[in-house]
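Biologist: Hi! Could you walk me through this one while I have it open on my screen?
Modeller: Happy to, let's bring it up.

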Amino acid sequence: MRLTKKTHSCVRLEKDGRALVIDPGGFSEQDAAAGADAILVTHEHPDHFDEGRLRAALEARPGAEIWTLKSVADRLSAAWPGRVHTVGHGDTFTAAGFDVQVHGELHAVIHPDIPRVTNVGYLIDGGRVFHPGDALTVPEQPVETLMVPVMAPWNKISEVIDYIREVGPRRALDVHDALLADLARPIYDGHIGRLGGTDHQRLAPGASAEL
């Protein structure tokens, strides 16, 4: 499996000539979803879900399909019957040849005065990759590569470190990092690398890793 990091929380997974893209939102590249056979969206916030980009991807690739939660699916399913699938915690499905399990239900708390939206994470191919979206969801099985939301309005670095420790992945790769200034990256990399208890890596947008 080949993983390519896109800007912010978007990642592209490729195997056997097919591609799956997770969270091609408004902070990611304009063509982040282009050429995808399947697209997964964790929740409705615009840095994870860009309706225009998804519509363009579906129009350009007639066989492409989307799996997401109800709040996103409701905005797309009428225009794309049979190609937009609603999922929730506990569901399993196959997308572009990848086996996917859905974990989680709610976005992390930003502030008690802000209502929590729904959020799901996606466990790929039996734990080879887990993308939690905007939550610190711990799957009930081992994870090889954890996409860790490293910097967000709803977290702090101690929570990120404890999350990595609790999941216990073989490696942790940063996502949700567009808000993190380059000046601060060595601080985050240092703390997470020393305290996370796993191989912590940061891929620049466009860079890839073989998993």
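**Cores, strands and charges**

Modeller: This is a predicted model. Its largest nonpolar core has 45 residues, and those with the most contacts inside it are Leu20, Leu40, Phe93, Tyr122 and Ile124.

Biologist: Which strand gives the largest share of this core?
Modeller: That would be S4, which supplies four residues.

Biologist: Let's zoom in on Leu40. What is Leu40 in contact with, leaving aside its neighbours within four places in sequence?
Modeller: Its contacts are Leu20, Val21, Ile22, Asp23, Pro24, Trp67, Phe93, Val100, Tyr122 and Ile124. Leu20, Phe93, Tyr122 and Ile124 also appear among the core residues with the most contacts.

Biologist: And what does the second core include?
Modeller: The second core is separate and has 15 residues, among them Phe130, Val148, Val150 and Tyr163.

Biologist: Back to Phe93 for a moment. How many aromatic pairs are there in the model?
Modeller: The count comes to one aromatic pair. Trp67 and Phe93 form it, and they are stacked, with 5.2 Å centre to centre and 5° between the planes. Trp67 lies in strand S5 and Phe93 in strand S7 (residues 92–95), so the pair ties together parts that are 26 residues apart in sequence.

Biologist: Are those two rings buried or exposed?
Modeller: Trp67 counts as buried because its relative accessibility is 8%. Phe93 is buried too, at 14% relative accessibility.

Biologist: What lies over the face of Phe98?
Modeller: Lys15 does, at 4.9 Å from the ring centre.

Biologist: Okay, switching to charges. How many salt bridges does a search of the whole structure find?
Modeller: The search finds 13. One of them joins Arg61 to Asp37, with the closest N and O atoms 3.0 Å apart. Arg61 lies in the loop between helix H1 (51–60) and strand S5 (65–68), while Asp37 is in the loop between strand S3 (18–22) and strand S4 (38–41), so this pair ties together parts that are 24 residues apart in sequence.

Biologist: How accessible are the two partners, Arg61 and Asp37?
Modeller: Arg61 is partly exposed at 34% relative accessibility, whereas Asp37 is buried at 16%.

Biologist: What about Arg53, which residue does Arg53 form a salt bridge with?
Modeller: Its partner is Asp50, and the closest N and O atoms are 3.7 Å apart. Arg53 is buried, with a relative accessible area of 12%, and Asp50 is partly exposed at 22%. The cut-off for buried is under 20% relative accessible area, so Asp50 falls outside that class.

Biologist: Which residues are linked in a network of salt bridges?
Modeller: Lys5, Asp177, Asp182 and Arg185 are linked that way. Within that group, the side chains of Asp182 and Arg185 meet at 3.3 Å, N to O. Asp182 is exposed, with 62% relative accessibility, but Arg185 is buried at 11%.

Biologist: Now for the strands. How do S1 and S2 pair?
Modeller: Strand S1 (residues 2–5) and strand S2 (residues 11–15) are antiparallel, with four bridges between them. As an example, Arg2 has Glu14 in S2 as its bridge partner. The hairpin of S1 and S2 has five residues between the strands, and there His8 takes a positive phi near 70°.

Biologist: And how many bridges join S1 to S14?
Modeller: Three bridges join S1 to strand S14 (residues 208–210), and the two run antiparallel. Leu3 has Ala209 in S14 as its bridge partner.

Biologist: That phi at His8 caught my eye. What is phi like for Ala96 and Asp125?
Modeller: For context, most residues other than glycine have a negative phi. Ala96 has a positive phi, near 55°, and Asp125 has a positive phi of about 50°.

Biologist: Where are Ala96 and Asp125 found?
Modeller: Ala96 is in the loop between S7 and strand S8 (98–103). Asp125 is in the loop between strand S9 (121–124) and strand S10 (129–131).

Biologist: Last one, I promise: is Ala96 buried or exposed, and what about Asp125?
Modeller: Ala96 counts as buried at 8% relative accessibility. Asp125 is buried as well, with a relative accessible area of 14%.

How values were computed. Residues are numbered from 1 along each chain as its sequence is written. This is a predicted model: local features need pLDDT of at least 70, side-chain atom pairs count only at pLDDT 80 or more; totals for chains, interfaces and linings use all residues. Side-chain values use heavy atoms; hydrogens and water are left out. Two strands pair if DSSP finds at least two bridges between them. A salt bridge is a side-chain nitrogen of Lys or Arg within 4 Å of a carboxyl oxygen of Asp or Glu. Buried means under 20% relative accessible area, exposed over 50%, partly exposed in between (1.4 Å probe, protein chains only). Rings of Phe, Tyr and Trp (its six-membered ring) pair if their centres lie within 6.5 Å; planes under 30 degrees apart count as stacked, over 60 as edge-to-face and the rest as tilted. A charge sits over a ring if NZ of Lys or CZ of Arg is within 6 Å of the ring centre and within 35 degrees of the ring normal. A nonpolar core is a set of buried Ala, Val, Leu, Ile, Met, Phe, Trp, Tyr and Cys residues joined through side-chain atoms within 4.5 Å. Contact means heavy atoms within 4.5 Å.
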